[in-house]
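Open the model in a viewer and keep the selection panel at hand. The stops below go from strand to sheet to helices.

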Amino acid sequence: MRLFLLPISTQRSLIFCQRLNTQISSKTTYIDKITIRASKTWLKWEKAEEGWRTGWQKKVTHYGNKLFERIPHEEWGLKSIPPLSKRRKDEELKGNEQVEVVYPGSVIGEDKVNQALHAFAGDPRQAIHTKWMWGSILAMPLTAPAVLIPIVPNIPFFYLVFRAWSHWRARSGSQHVNFLLENRLLKFTKSHPLQLAYDLAGSEVAIKELDSAIEEVKEKNPQARDEPVAEADTEKMLLAQSDGKTISELVDVPELEEQIQRAVKQVEKGLKAEKELQEEKQNLDNVNKKEGHKR
């Protein structure tokens with residue numbers, strides 16, 4: 001098993017698990033069978049043709065995928081980590097399955113990687129998934145009236161089932177990481193392909209941020225067109241959505257592309273919201289100061 005720890009910004013990271021030894025869990029569990037069948041059904045619905053018989057399937061997947069985009073990337077990442085079964089625990093304690101943590105050493109140090117892993121494995125993270133797992137389960141009976149709708153399945157009920165499973169799986173992944181940390185079973189490895197990818201991404205992100213900062217200065221102060229832009233001590237992006245394809249190809253893990261694109265999109269959205277909130281507070285403070293001077 002290999003864990004990827006990829007910094008998305010200077011303060012937030014993505015975790016993803018690549019399954020290398022599938023023999024340990026060769027027996028397909030009941031939950032895995034349901035998951036595989038649900039995935040196949042969803043793909044079938046996505047390819048459904050327009051029409052009164054199957055058109056609703058395509059619409060369900062369209063809006064469903066939009067809902068999936070709102071699921072935090074931390075949850076998606078932790079779900080990729082297999083639950084800690086008794087057999088897997090024994091294999092890892094005996095050293096039969098090596099667990100490697102791969103990260104770009106030129107961007108983040110081993111101490112920061114360890115710190116990020118503890119955040120993913122800590123009690124606060126597990127408490128979040130426990131809370132929402134039970135919340136989804138308790139809300140399931142409220143979807144009973146939807147059963148009365150003919151032809152169309154009880155979509156709200158199945159969505160809550162998915163969310164309950166998703167939070168359970170993410171909590172299980174967090175517990176697995178915690179087990180690995182407590183027993184010191186992790187091998188930290190600097191990845192040269194990842195370092196190369198981040199070096200390439202860094203220049204592109206820096207140029208993009210510089211252009212954005214210059215445009216912002218021009219809008220706020222047209223007379224300051226030629227003034228240098230001061231570098232603010234704030235959280236900054238390290239990757240762009242387009243870097244997902246580059247990184248996934250360099251490390252030969254196709255699944256990483258979607259994970260990185262989702263994480264970058266969410267972090268960018270969060271930083272934008274935080275920036276807008278700070279600007280609103282600053283404007284409000286300026287108004288209050290002006291009113292104070294008038295008095």
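**Stop 1: a strand pair**

Select F4 and F16: F16, in β2, is the bridge partner of F4. The model is a predicted one. Now extend the selection to strand β1, residues 2–7, and strand β2, residues 13–18. The two pair in the antiparallel sense, over six bridges. Five residues lie between β1 and β2, and the two strands form a hairpin.

Two further bridge pairs can be picked out along this ladder. R2 has Q18 of β2 as its bridge partner, and L3 has C17 of β2.

Next, colour both strands by accessibility. Is β1 mostly covered or mostly open? Mostly covered: five of the six residues of β1 are buried. For β2 the count is six of six, so β2 is largely enclosed by the rest of the structure.

In a regular strand, side chains alternate between the two faces of the sheet. Show the side chains of β2 with that in mind. On one side are S13, I15 and C17, on the other L14, F16 and Q18, and all of these are buried, so that both faces of β2 are covered.

**Stop 2: the rest of the sheet**

Keep F4 selected and add V102. In β3, V102 is the bridge partner of F4. F4 therefore serves as a link in two directions: its partner in β2 is F16, and its partner in β3 is V102. Select strand β3, residues 99–103, together with β1: three bridges join them, and the two strands run parallel.

Now show the whole sheet. What is the order of its strands? The sheet is open, has four strands in the order β2-β1-β3-β4, and its pairing is mixed. The edge strands, each pairing on one side only, are β2 and β4, the latter at 186–190. On average, neighbouring strands of this sheet are turned by 25 degrees against each other, direction ignored.

Add helix α5, residues 110–121. Helix α5 lies across β1, β2, β3 and β4 and runs at about 130 degrees to β4.

**Stop 3: helix α7 and its neighbours**

Two packed helices are described by the angle between their axes and the distance between the axes. Select α7, residues 155–182, and then helix α6, residues 123–139. The axes of α6 and α7 are 8 Å apart, and the packing angle is about 160 degrees. That makes the two helices roughly antiparallel. The crossing of α6 past α7 is left-handed. On the α6 side the contact includes R125, Q126, H129 and W132, and on the α7 side it includes H167, W168, R171 and S174.

Swap α6 for helix α4, residues 86–94. Here the axes are 11 Å apart and the angle to α7 is about 25 degrees, so α4 and α7 are roughly parallel to each other. The crossing of α4 past α7 is right-handed. To see the contact, select R88, K89, E92 and L93 in α4 with H176, F179 and L180 in α7.

**Stop 4: two residues of α7**

Centre on S174, in helix α7. Is S174 buried or exposed? Its relative accessibility is 0%, so S174 counts as buried. A polar atom of the S174 side chain lies 2.7 Å from the backbone oxygen of F120. Leaving aside residues up to four places away in sequence, S174 touches L78, F120, A121, G122, R125 and Q126.

Then move along α7 to L180. At 1% relative accessibility, L180 is also counted as buried. Which residues does L180 touch, not counting those up to four places away in sequence? They are M1, E92, V99, L185 and L186. E92 belongs to the α4 side of the contact between α4 and α7.

As a last step, draw a C-alpha to C-alpha distance from L180 to L117. The two residues are 63 apart in sequence and 10.0 Å apart in space.

Conventions: Residues are numbered from 1 along each chain as its sequence is written. This is a predicted model: local features need pLDDT of at least 70, side-chain atom pairs count only at pLDDT 80 or more; totals for chains, interfaces and linings use all residues. Side-chain values use heavy atoms; hydrogens and water are left out. Buried means under 20% relative accessible area, exposed over 50%, partly exposed in between (1.4 Å probe, protein chains only). A polar contact is a pair of N or O atoms within 3.5 Å; within protein, one must be able to donate a hydrogen and the other to accept it, and residues adjacent in sequence count only if both atoms are side-chain atoms. Contact means heavy atoms within 4.5 Å. Two strands pair if DSSP finds at least two bridges between them. Axes are lines fitted to C-alpha atoms, for helices over the stretch in contact, and angles run from 0 to 180 degrees between N-to-C directions. Angles under 35 degrees count as roughly parallel, over 145 as roughly antiparallel, 65 to 115 as roughly perpendicular and the rest as oblique. A crossing is left-handed if the near helix is turned anticlockwise from the far one by less than a right angle, and right-handed if clockwise.
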